[in-house]
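User: I'm new to reading protein models and would like a close look at just one part of this one. Could you pick a strand and walk me through its surroundings?

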Amino acid sequence: MIEAQGFLQAPRDDVWALVSEPYHLSDWWPGYQGVNPDRRGLAVNARWTVQRSTSPGFLRRPGGRGLIVLTNVVEGWELRWHDVEQGLDCGVSLDNAGTGCTRAVVGVDGRWIRLILEGARSLPQQALARLQALCQTAAEL
């Protein structure tokens with residue numbers, strides 16, 4: 001498991017509202033350009049179709065479609081999914097970190113060859129940076 005952790009300038013409930021909304025996944029998870037959730041929405045075993053980024057990757061066509069399956073949902077605290085095509089298990093865990101702040105741990109796990117060759121090692125750090133930017137922008141409004 002490769003993880004990145006850091007602090008977000010927003011209360012945990014606000015961060016959860018962002019990370020748990022299917023249509024916002026592409027705002028903070030690198031490599032996804034759009035998401036179409038199934039009728040189950042935010043539930044274990046829900047299947048969401050993702051539109052991949054237009055950037056090519058090893059063994060992945062640019063702009064292709066993929067499927068992610070939600071594997072764990074702990075309301076307000078944790079969201080995990082399996083990216084079927086990429087063979088990666090991904091997710092985010094949240095915890096309170098003082099007044100108005102949230103501690104986030106973003107992780108990815110999978111076949112080591114995917115992690116190394118496709119640059120998946122940097123996914124958690126990129127996702128965390130995007131979350132931090134989104135939370136900072138919201139705090140400034």
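Analyst: Here's a walk around one strand, starting with the whole chain and then zooming in.

Keep in mind that this is a predicted model. The protein chain has four helices and seven strands, and from the N terminus on, the elements go β-α-α-β-β-β-β-β-β-α-α. Of its 141 residues, 45% are buried. Among contacts with a separation of 6 or more, 47% link residues 24 or more positions apart.

Now for our pick, strand 5, which covers residues 78-83. Is this strand mostly covered or mostly open? Mostly covered: five of its six residues are buried, where buried means under 20% relative accessible area.

Next, the neighbours. On one side there's strand 4, residues 65-74, which runs antiparallel to strand 5 and is joined to it by six bridges. Strand 6, residues 88-96, also runs antiparallel to strand 5, again with six bridges.

A nice residue to click on is D83. Over in strand 4, I68 stands opposite D83, while in strand 6 the bridge partner of D83 is L88. So you can trace a path from I68 to D83 and on from D83 to L88.

Finally, check out the turns. Strand 4 and strand 5 make a hairpin with three residues between the strands, and there G76 takes a positive phi near 85°. Strand 5 and strand 6 form a hairpin too, this one with four residues between them, and G87 in that turn has a positive phi of about 70°.

How values were computed: Residues numbered from 1 in each chain as written. Predicted model: local features only at pLDDT ≥ 70, side-chain atom pairs only at ≥ 80, totals over all residues. Heavy atoms only, no water. Buried < 20%, exposed > 50% of the residue type's maximum accessible area, 1.4 Å probe, protein only. Helix = DSSP H or I, 4+ residues; strand = E, 2+ residues; numbered from the N terminus. Pairing = 2+ DSSP bridges. Contact = heavy atoms within 4.5 Å.
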